[in-house]
Every structure is written in structure tokens, then in C-alpha cells.
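Open your viewer and keep the selection panel handy. We will walk through this model one stop at a time.

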Protein chains: 2
Amino acid sequence: MTKRYFEDFAVGEVLALGATPPVTEEAIIAFARQYDPQYFHVDPARAKESIFGGLVASGWHTAAMVMRLWVDAIVSKTVSMGSPGVEDLRWPAPVRPGDTLTSRAVVLETRPSKSRPEMGLVRWRAETSNQRDELVFTMTGTSFIGRRPSL
Amino acid sequence: MTKRYFEDFAVGEVLALGATPPVTEEAIIAFARQYDPQYFHVDPARAKESIFGGLVASGWHTAAMVMRLWVDAIVSKTVSMGSPGVEDLRWPAPVRPGDTLTSRAVVLETRPSKSRPEMGLVRWRAETSNQRDELVFTMTGTSFIGRRPSL
């Protein structure tokens, strides 16, 4: 398989990250029991009395599901060299059982690394929506991508 | 149990979030198979040839483990009203099997909400270190905390 190099990313490009299977109540509860046991993530009955009106996914579960889309759609097909971090995580609407999440990322900036000539930096903003086109998660980040070797 | 209100948080206060049990190889692989299946997170043999020299936890797994500390130490004992988001996630060193992660958060700013008088905003920076006092994860965020009812 031919992988994408730094030179293959252009500012303004939209990267389609694909969609999750429907998020199940079981998966929401299993993740939250381990990592975020607030009652509106783990207890469907009590969650009805919360400000959400029902069970909702942990924001960290949503972030992890988006990471899976990112790995399958981009990282596995790119000369990926890691990331210095991510910024500005926002969860503007809750994720509920049965939701399907679709993600895309827009390339904001590309620049060669000054300190490491074998790679470049690609800055992006990722947006994730549910099946009703409501934004449920946004974040900005930077990826280190290997440069195409000169021939 | 008496819960903490917005008025109980002071700028400069250090919130001890406690420590995780040792992070197991099994937990690292289980999380990553589902959410971040890069080879250095799921394949101990191949991971030896990676830049990490061995299996390391997904950064999202580390974030989720820190969320669990946060929930047990703070959220469950506070009149918590959610969060608008988190910022500046950084993973300065890898998390490896056997590591124990200890977290603390420093209160950076507190201010009453202008639009919602029943709550205030507490801005914090959280730092997570391993058993050798190496920083492995940092982030900044804001929590909405309920105000103490006037008598």
C-alpha cells in the first residue's frame, strides 16, 4: 500500500474519517464503569433525572471512538510520526445510545519541521457529528508526518 | 456526605487526585484494540522496534485513567455541573506496563458565572506523573461547580 507523506496534505483539504457503528448502551456503560463512573454515564434509570434526560457517553469515550476513526482512516495510511498534543476539546451535544458518529478533519496548516528535517507538521481541526448533523465533539491538533524521501 | 461548593475552591489550591493501580499490559492492549490500534499499543513484540522500544499506552487511555482519578477524588465529592471542555493535552513521556500514575490539579482561577448565577467556573491545570516522577500527561480545563445556597 502506498502511504501518504507530509507533501500529500494541503491546507483546506477535508479528510473524511468515516463513521462509527451505532454506539450501544452496553459500550457506553462499559467504558464509563471503568473510566468515568458518573451516574448519567452508567445508570440508565437515574440518568433520566439528570440534565441530559437519559444515558449519555463519557466525553472521553467519544474522544476514543473518534481516535479509532482517525487511526483507521488516516494514521494507518500515512507515514505517521506521532503528535505533540491536542487542543480545545469541546463536547457541544451529548452522545446517546443508538447514535452514529461521523468525523471529518480540515487541514489548517502544514509546515516542515525546523528541528527534524525528516518530518513535517500538519495542523487540523476535527469535527464529529451525529446522525442528525449535530456537532457532538470538536478538537484541534497537530500530527507529525514523514516527508517524502527525495529520489 | 458534605459536598464541596464553588466557594470551597481557592486559587493556588492543589487538589490531590490520587494514584492508579499499576497499569497492566492487558489493559493497555484491551483499550487500544478497541480505540487506538497502532502497533506500539497492541503488539508487544513489534512495539520493541518502535521509537518507544516497547508497548506503551494510548494517550487516550492515559486521559481516561486520569478521568477516573478525577471522578473518584473530586467530581463525586463536589456539586459538579459539568465542563465546557479541556485544553492543551500533552503526553510528554510514554506510559508503560507496570507504571503507577499519580495526578494532581492546581486551581488557576475561580469566578462566578455571569449567565448562570447558580454556579461558578473553576479553571485548573492537571499534571500526571509516573512512579519515577516523570510527567506523562498534562492538561488544562474548566469545571462548572454549584454555588453554596445562601441561608
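The tour goes from the contact between the chains to the strands and then to two backbone details.

Before you start: this is a predicted model, in which local features need pLDDT of at least 70, side-chain atom pairs count only at pLDDT 80 or more, and totals for chains, interfaces and linings use all residues. Residues are numbered from 1 along each chain as its sequence is written, while chains are lettered from A and ligands numbered from 1 in the order in which they are written.

**Stop 1: the contact.** Show chains A and B together. The contact takes 19 residues from each of chain A and chain B, with two residues counted as in contact if their C-beta atoms, placed from the backbone, lie within 7 Å. On the chain A side, select α4 (59-73) and β2 (85-90), the elements that give two or more residues to it. Helices (H or I, at least four residues) and strands (E, at least two) are DSSP runs numbered from the N terminus. The largest share, 7 residues, belongs to α4(A). Colour this side of chain A by type and you will find 12 nonpolar, 2 polar and 5 charged residues; Ala, Val, Leu, Ile, Met, Phe, Trp, Tyr, Cys and Pro count as nonpolar, Asp, Glu, Lys and Arg as charged, and the others, Gly among them, as polar.

**Stop 2: the axis.** Now superpose the chains by least squares on the C-alpha atoms of residues with pLDDT of at least 70 in both. A turn of 180° with a shift of 0.0 Å along the axis lays chain A on chain B with an RMSD of 0.0 Å. That is the relation of a two-fold axis. Of chain A's residues, A:E87 comes closest to the rotation axis, its C-alpha at 2.4 Å. Both copies use the same surface, and 100% of the contact residues of chain A recur in chain B.

**Stop 3: the strands.** Zoom in on β2(A) and β2(B), which run antiparallel and are joined by 2 bridges; strands pair if DSSP finds at least two bridges between them. Pick A:V86 to find its bridge partner B:L89, then A:L89 to find B:V86. Next add β5 (135-146) of chain A, which pairs antiparallel with β2(A) over 4 bridges. There, A:V86 has A:G141 as its bridge partner.

**Stop 4: two phi angles.** Most residues other than glycine have a negative phi. Select A:D133, with a positive phi near 65°, in the loop between β4 (119-129) and β5 of chain A. Finish at B:D88 in strand β2 of chain B, where phi is near 50°.
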